[in-house]
Amino acid sequence: MTAHVPDLKAEKIAGGVNSDARHDSAHKHVIGQAVYIDDMPEPAGLLHAYLGLSEVAHGAITAMDLSAVEAAPGVRLVLTAKDMPASNDISPTARDDEPVLADGLVQFHGQPVFAVVAETREQARRACRLARIEYAEKPFVTDIAELDRRSARQVTPPLTLARGDAAEAIAGAPRRLKGSMSIGGQDHFYLEGHIAMAVPGEDMDVTVYSSTQHPSEVQHMVAHVLGVPSHAVTVEVRRMGGGFGGKETQGNQFAVIAAVAAKRLGRAVKIRPDRDDDMTATGKRHDFVVDYEVGFDDEGNILGVDFHYAARCGFSSDLSGPVTDRALFHCDNAYYWPAVMAKSAPLYTNTVSNTAFRGFGGPQGMLGCERVIEEVAFATGLDPLDVRKKNFYGVGERDVTPYHQRVEDNVVHRVVAELEASSGYADRRREIAAFNATSEIVKRGIALTPVKFGISFTATHFNQAGALVHVYTDGSVHLNHGGTEMGQGLYVKVAQIVAEEFQIDADQVKITATTTGKVPNTSATAASSGTDLNGMAARDAARQIRDRLCDFAADRYGLPKEQIVFLPNRVRIGNQEVAFADLVKQAYMARVQLSAAGFYKTPKIRWDRDKGEGHPFYYFAYGAACSEVSIDTLTGEYVVERTDILHETGRSLNRAIDLGQIEGGFIQGMGWLTTEELVWDDRGRLRTHAPSTYKIPLASDRPKIFNVTLADWAENAEPAVHRSKAVGEPPFMLAISVLHALSDAVASVGNHKICPRLDTPATPERVLMAVERVRRASGA
C-alpha cells in the first residue's frame with residue numbers, strides 16, 4: 001500500500017465523526033481476507049483439542065474408562081476435572097458452580113466431561129467417541145412450565161422491584177385481568193463458533209487467542225485455573241465472527257482447556273467445536289414464563305401491575321442474576337405504572353446454563369409488558385396504539401420507573417408520533433380492516449410498538465474503560481482500547497473519535513487487536529456500551545497528547561494556546577499553518593511525550609440491589625417500529641409485508657454503521673420471535689442444534705418493504721461521546737412489532753374480541769393454533 005498523503009487544504013477530514021465511514025474490515029469480510037483465529041498461521045507443533053460430552057441430562061458418574069481414548073491414534077493428552085492445576089471452576093459470578101469439566105456429577109445432556117488433545121482435530125474428535133462412561137441417572141427438568149415457579153430451586157438470589165402498592169391498586173381498579181406468557185429462548189448462531197488457541201511461553205506465561213467479548217475475564221479465568229498471576233496470561237482478539245453476548249462468558253471454558261493443555265505439553269493447542277457441539281454445550285438466551293395481573297379502567301389507563309418473571313437459567317448461575325434483573329428493569333418499556341410489583345425467579349434446570357444475549361433480559365421484560373398493553377386493549381376494545389400512548393411516561397410528571405430512576409430524556413412521544421404519521425398507520429389500519437372483511441383465508445395485521453432501553457452495565461463497576469494512543473513521528477497514530485470487535489463497527493467508531501480529536505484523516509489511525517497486555521482490567525464489550533466507554537477513554541488519551549502538542553507549540557512559537565487551532569491534517573499556529581506530522585516531529589525533537597493512556601468512567605450511575613432502587617442507567621435510547629403482516633389462516637404461514645422504523649441514536653457517530661445495526665438487530669429480533677425454536681426431548685437432549693433444525697431468518701424473510709430512518713433531530717441529553725447514543729441492543733426489541741402484528745392478524749378471525757395470547761416463538765404452528773383457539777372462543 002502507498003503511504004497516506006493528507007490533503008493540507010481540506011475543509012474537513014476524511015472519515016471523522018458524523019461521517020458514513022465504512023466498517024474498517026468490510027472489504028476484507030467480502031473477499032475473505034479478514035483474519036479470524038482459525039485463519040491465523042498455525043504455530044509449529046500445534047495440537048488440537050476436543051470435548052467429550054455427557055450423554056445423560058442428570059446423573060452421577062459411577063465409572064469412566066478413558067483407556068481407549070488415550071490409546072487412540074494421535075492422542076497426546078486426555079484431561080479430566082482432576083487435571084485442572086489449581087481450580088476446576090470458571091463461574092463468572094464467583095459462585096463456584098460452573099466446572100471446567102464435570103467432576104462426578106453431570107447436570108445437563110452435552111456437558112463437557114473430558115477433553116482430548118491430539119495431533120489433528122479429526123483424531124481428537126474420533127477419540128472422544130471411544131470413552132466408556134457409566135452414570136447413575138437422576139430425575140431432571142428442562143421446562144420451567146413443569147415447575148412451581150414460585151418455590152422451585154433458583155441458581156441465584158431473585159430481585160424484587162416495587163413502587164406504590166400494586167396489590168391495592170389492582171384490587172381497587174374498575175377492571176382486572178391476569179394471564180401468563182411463555183417466551184422462548186434463542187441460540188446466538190454466530191457465524192464464527194467458539195475457538196481458542198493457546199501458545200505457551202517461558203516460566204508461567206501463556207498467550208491465548210480467544211474469540212471472546214471479554215478478554216480480561218478470559219485472562220482471569222485462565223490464571224485462576226492455572227494458579228498463576230494474571231500478568232502471566234495475555235489474551236488477544238482482533239475480531240470475532242459475531243458474538244451477540246454468547247462470547248461474554250462462554251469462551252472461558254475453551255480458553256482454559258487450551259491453556260491447560262498447552263502448558264502441560266509445552267506445545268500450542270487450538271480448540272474449536274463443530275456447530276452441533278457448540279450449540280449443545282454453550283448457553284443461550286433465557287426462556288421466560290411471565291405471570292401478570294393488571295388493574296385498569298375503561299379508558300385503558302393502567303392503574304397497577306404485578307409481574308413474576310421466571311427464567312430457565314440452566315444448571316449454574318452464569319449471568320442469570322443480572323439477566324433476570326434487567327428483565328425487571330424493562331418490565332415498564334416506555335410506560336408509567338402508577339403502582340408496580342415485579343419479581344424475578346432465576347430457576348435451576350438440567351440444561352446448559354443460559355447466558356448473555358443481545359438485550360440481556362430486556363427483550364423478555366418488554367414482551368411481558370407489551371402483553372399487558374395488548375390485554376388491556378382487547379378488554380377495552382381500544383386500538384393497542386391508543387392504550388400505549390395513554391400510558392407513556394410523561395415529561396416532568398409520571399416519570400419514575402419501578403426502580404425509582406426518573407426518566408429525564410423522554411422523547412418517546414415524538415418518536416411514536418412521527419412514525420405514526422410517516423408510516424400511515426391510521427389509514428393502513430382502516431385499509432387492513434376492509435381487506436380482512438372480504439378475505440376469508442388470508443388475514444392482515446398491523447402494530448406499532450415503542451422501545452425505551454436503558455444504557456449502562458447494571459453492575460456499576462463495569463462502567464469503565466481504558467485506551468492507549470501512540471502518535472508516531474510521521475504523524476500516524478496507533479490506537480488500542482479494551483473494546484472488542486464482533487462486526488458491530490466499534491473499532492471504526494473509536495478510530496473516528498481519535499481522528500476527530502487530532503483532526504487527521506481516519507486512515508492515519510491504526511486499529512490494533514484488543515489485548516490485555518496493552519489495556520488491563522477491561523469490561524466486556526456488552527450492554528451496548530462499547531463506544532460510550534471505549535470512545536471516551538480513547539478521546540481522553542488523544543486529548544492528553546493534543547494538549548501537550550498545544551503546550552509545546554505555544555511555548556516554541558511564543559503564542560497563547562488559544563491561537564493554536566487543529567485544522568484538517570494541519571495545525572494553525574498564529575498566522576501560519578504546519579502539517580500535523582511536522583508539528584509531531586518538532587515535538588518529538590523537543591522530547592514531548594507522544595503516548596497516553598486514557599480512562600473513562602460513566603458518571604451519575606448507582607444501584608442498590610437490596611433496596612431495588614438507584615440510577616442504574618446513564619440514559620435511555622428510544623425507537624419505534626410499525627410492522628404489517630399477512631397470515632394464511634389454513635396453515636399459519638405468514639409474511640412480513642412492511643416494516644417502518646424510526647430510531648434515535650443521538651448525534652450519530654456513523655450513520656451507515658448505525659443503520660446496519662438497526663436493520664440487523666431488527667431481523668435478529670424477528671427471528672427470535674418467529675422462527676427460532678429451541679426443543680429438548682424427553683431425554684433432556686437439545687434437538688435443534690444445527691441449521692437443519694434451528695431456523696434463523698433468511699434474506700427472503702425480511703420485510704418486503706423495509707424503511708429504516710434515523711431521527712435527525714436527536715441529541716443525547718447526557719454528555720456522552722459527541723452526544724451520540726448506543727445502538728447495539730435497542731433495535732433488537734423493535735421486532736416486537738412483528739409479534740403484535742401477527743397477533744392482530746390472528747385476532748381478526750374473531751373480530752378482535754379475543755386476545756390471541758400468542759406465545760413466542762410465533763411459529764406457523766403456533767399461529768395456526770392461535771387462529772383455531774380464537775375461532776372457537778369467538779364462535780366464528
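**Aromatic and charged side-chain contacts**

One aromatic cluster is formed by F288, F307, Y309, Y335, W337 and F392. The model is predicted. Across the structure, 20 aromatic pairs are found. F666 and F706 make up one such pair. Their ring centres lie 5.4 Å apart, and the planes meet at 40°, a tilted arrangement. This contact links distant parts of the chain. F666 belongs to helix α16 (residues 655–674), whereas F706 belongs to strand β29 (residues 705–710). The two residues are 40 apart in the chain. F666 has a relative accessible area of 0% and is therefore buried. F706 has a relative accessibility of 22%, so this residue counts as partly exposed.

Charged groups also lie over aromatic faces. R285 sits over the face of F357, 4.2 Å from the ring centre. R414 takes up such a position over W713, at 4.0 Å from the ring centre.

The whole structure contains 46 salt bridges. Among them is the pair D38 and R272, with the closest N and O atoms 3.1 Å apart. This bridge spans 234 residues and links distant parts of the chain. D38 lies in the loop between α1 (26–31) and β1 (47–53). R272 lies in the loop between β12 (269–271) and α7 (275–281). D38 is partly exposed, at a relative accessible area of 35%. R272 is partly exposed too, at 30%.

R175 bridges to D298, with a closest N to O distance of 3.4 Å. R175 is in strand β8 (residues 175–183). D298 is in the loop between β13 (287–296) and β14 (302–314), 123 residues away along the chain. R175 is partly exposed, with a relative accessible area of 29%. The value for D298 is 46%, so D298 counts as partly exposed.

A further salt bridge joins D332 and K452, whose closest N and O atoms are 3.5 Å apart. D332 occupies the loop between α8 (320–329) and β15 (340–348). K452 is part of strand β16 (residues 442–455). The partners are 120 residues apart, and the bridge links distant parts of the chain. D332 has 0% relative accessibility and therefore counts as buried. K452 is buried as well, with a relative accessible area of 2%. Some salt bridges share partners: R428, R444, E628, R642 and D644 are joined in this way into one network.

Conventions. Residues are numbered from 1 along each chain as its sequence is written. This is a predicted model: local features need pLDDT of at least 70, side-chain atom pairs count only at pLDDT 80 or more; totals for chains, interfaces and linings use all residues. Side-chain values use heavy atoms; hydrogens and water are left out. Rings of Phe, Tyr and Trp (its six-membered ring) pair if their centres lie within 6.5 Å; planes under 30 degrees apart count as stacked, over 60 as edge-to-face and the rest as tilted. Helices (H or I, at least four residues) and strands (E, at least two) are DSSP runs, numbered from the N terminus. Buried means under 20% relative accessible area, exposed over 50%, partly exposed in between (1.4 Å probe, protein chains only). A charge sits over a ring if NZ of Lys or CZ of Arg is within 6 Å of the ring centre and within 35 degrees of the ring normal. A salt bridge is a side-chain nitrogen of Lys or Arg within 4 Å of a carboxyl oxygen of Asp or Glu.
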